[in-house]
Structure formats: structure tokens, C-alpha cells
Amino acid sequence: MDLQKFTDSIVATVGPWVPRLFAALATIAALWVIGRLVRAALTRLGRAINLDDRLKSPGLTATFANLGYWLVWLIGMPVLLGTLGLGDVLAPVTNLVNGLLGFVPNLIGAAVVLGIGFLVAKVLRQVVTSLLQAAGSEKLADRLGMATSLGEGGLAGLAGNLLFVLIMLPVVASGLQPLGLD
């Protein structure tokens, strides 16, 4: 009779956890598979665009791929903890994930502002450089005796680079505003 009470108490204690445990194991397996797929996709993308060679930073593709893998785990952690019924542990993790995901639109907004500003500044630099070269700015630099000291771009290149910097200063300031940085 004591053995029957003992097994009944174990079944009553462990019984409700068995479905949660299987659900947690299924969630872990799904997160592992999704994480591996994200890692493989980011690795292929990095190799396809030669990210390491372009940025002269070996291992950057692997770093981004691992970051993607662990980001999948971070986003899936609230699901896993919720499956196990760990509400006390779940609240800080959920707040962290919500904070990270809430920051993504600001980051995208900053990237758009910086990207458009960079393209505009680059095009205007090229236009100004070409116009000044066509107008004969290098002859003026020769007459002033500055042709050799201005470098390869000459006076037109200097003016184009100055314009690029003057355009990028307010663009960078505007790009930092969506991030909440003054």
C-alpha cells in the first residue's frame, strides 16, 4: 500500500510536466533547425557577396551567421520558457526581446536616412568634380602653383570632397535622430 501511495504521488507530481517537457523538447528542436537554417543562409549570402574580402575582415561572415543563429534562440526563448510555464523567468526575457524588436524600426530608419544621404552626397560630389574639371579648374590650380600639392584629384577633387563632407554632416546628424542619439 505504501508503494501505491508513493507511485501515485510521483505520477501526480511529474504527470503535468510530461506534456510540457515534450513541448519544450519540440521547441528546442525547432529553434535548433531554424537557427541552423539562418546560419547557413547568412553564410551563403556572405560568401556570395564576398563580404569578408570587400570589408577586408576575415571571419565577418561567420560572425554574422553566428549572430543570426543566436538571435533565433533569443527570439524563441520566450516561447520555450512559456511552454515550461516559467512565468517569473519569462518576464525579463520578454522585455528584452520586445526592446530589441522595438529598436529595429529605428535602426532601419537610420539606415535609410544615412543610405539616401550618402548616395546624394556621392552623386553631387561626382557632378561637382566633373563640372569643375570641365570648366578648367586644373588650369587655375597650375597658375596658382598648387597642382602638385592638391594630389590626384586636383582642385576639382578637393571641392567635390568638401561638398561631400558638408552634405554628410547634417545627414549623419539626421540619421542619429531615429536612434535617439543627439
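The following paragraphs lead through a predicted model, from its N-terminal helices to a helix that supplies most of its largest nonpolar core.

Residues are numbered from 1 along each chain as its sequence is written. Because the model is predicted, local features need pLDDT of at least 70 and side-chain atom pairs count only at pLDDT 80 or more, whereas totals for chains, interfaces and linings use all residues; side-chain values use heavy atoms, with hydrogens and water left out.

The description begins with helices α1 (2-14) and α2 (residues 17-48). Helices here are DSSP runs of H or I with at least four residues, numbered from the N terminus. Ala12 belongs to α1 and is exposed, its relative accessible area being 54%. Here exposed means over 50% relative accessible area, buried means under 20%, and partly exposed lies in between, for a 1.4 Å probe and protein chains only. The C-alpha atoms of Ala12 and Leu119 are separated by 66 Å, with these positions 107 residues apart along the chain.

A nonpolar surface patch of about 860 Å² is formed by Leu3, Phe6, Ile10, Val14, Val18, Leu21, Phe22, Leu25 and Ile28. Such a patch joins nonpolar side chains (Val, Leu, Ile, Met, Phe, Trp, Tyr) within 5 Å, taken from residues with over 30% relative accessible area and no salt bridge. A salt bridge would place a side-chain nitrogen of Lys or Arg within 4 Å of a carboxyl oxygen of Asp or Glu, and the areas come from the Shrake-Rupley method with a 1.4 Å probe. Both α1 and α2 supply at least two residues of the patch, and α2 gives the most, with 5 residues. One of the patch residues, Leu25, lies in α2 and is partly exposed at a relative accessible area of 48%.

Helix α2 also holds buried residues. Thr27 lies in this helix and counts as buried because its relative accessible area is 15%. Leaving aside residues up to four places away in sequence, Thr27 touches Val79, Leu80 and Thr83, where contact means heavy atoms within 4.5 Å. Further along α2, Thr43 is likewise buried, with a relative accessible area of 17%. With the neighbours up to four places away again not counted, Thr43 touches Thr61 and Ala65.

After α2 comes a loop that leads to α3 (51-54) and contains Asn50. Most residues other than glycine have a negative phi. Asn50, although not a glycine, has a positive phi of about 55 degrees. Asn50 counts as partly exposed because its relative accessibility is 40%.

The next element to consider is helix α7 (residues 154-176), which has 23 residues. The expected span, 1.5 Å times one less than the number of residues, is 33 Å for α7, and its end C-alpha atoms are 33 Å apart, which agrees. Buried residues in α7 are Gly154, Ala156, Gly157, Gly160, Phe164, Ile167, Met168, Val171 and Gly175. Leu158, also in α7, is partly exposed, with a relative accessible area of 48%. Its C-alpha atom is separated by 8.2 Å from that of Thr129, 29 residues apart along the chain.

The largest nonpolar core has 5 residues in all: Ala121, Phe164, Ile167, Met168 and Val171. Helix α7 gives the most to this core, with 4 residues. A nonpolar core is a set of buried Ala, Val, Leu, Ile, Met, Phe, Trp, Tyr and Cys residues joined through side-chain atoms within 4.5 Å. An α-helix has 3.6 residues a turn, so residues three or four places apart point the same way. Phe164 touches Phe118, Ala121, Lys122 and Arg125, not counting residues up to four places away in sequence.

Conventions: Patch = residues over 30% accessible without salt bridge, like charges linked within 9 Å, V, L, I, M, F, W, Y side chains within 5 Å.
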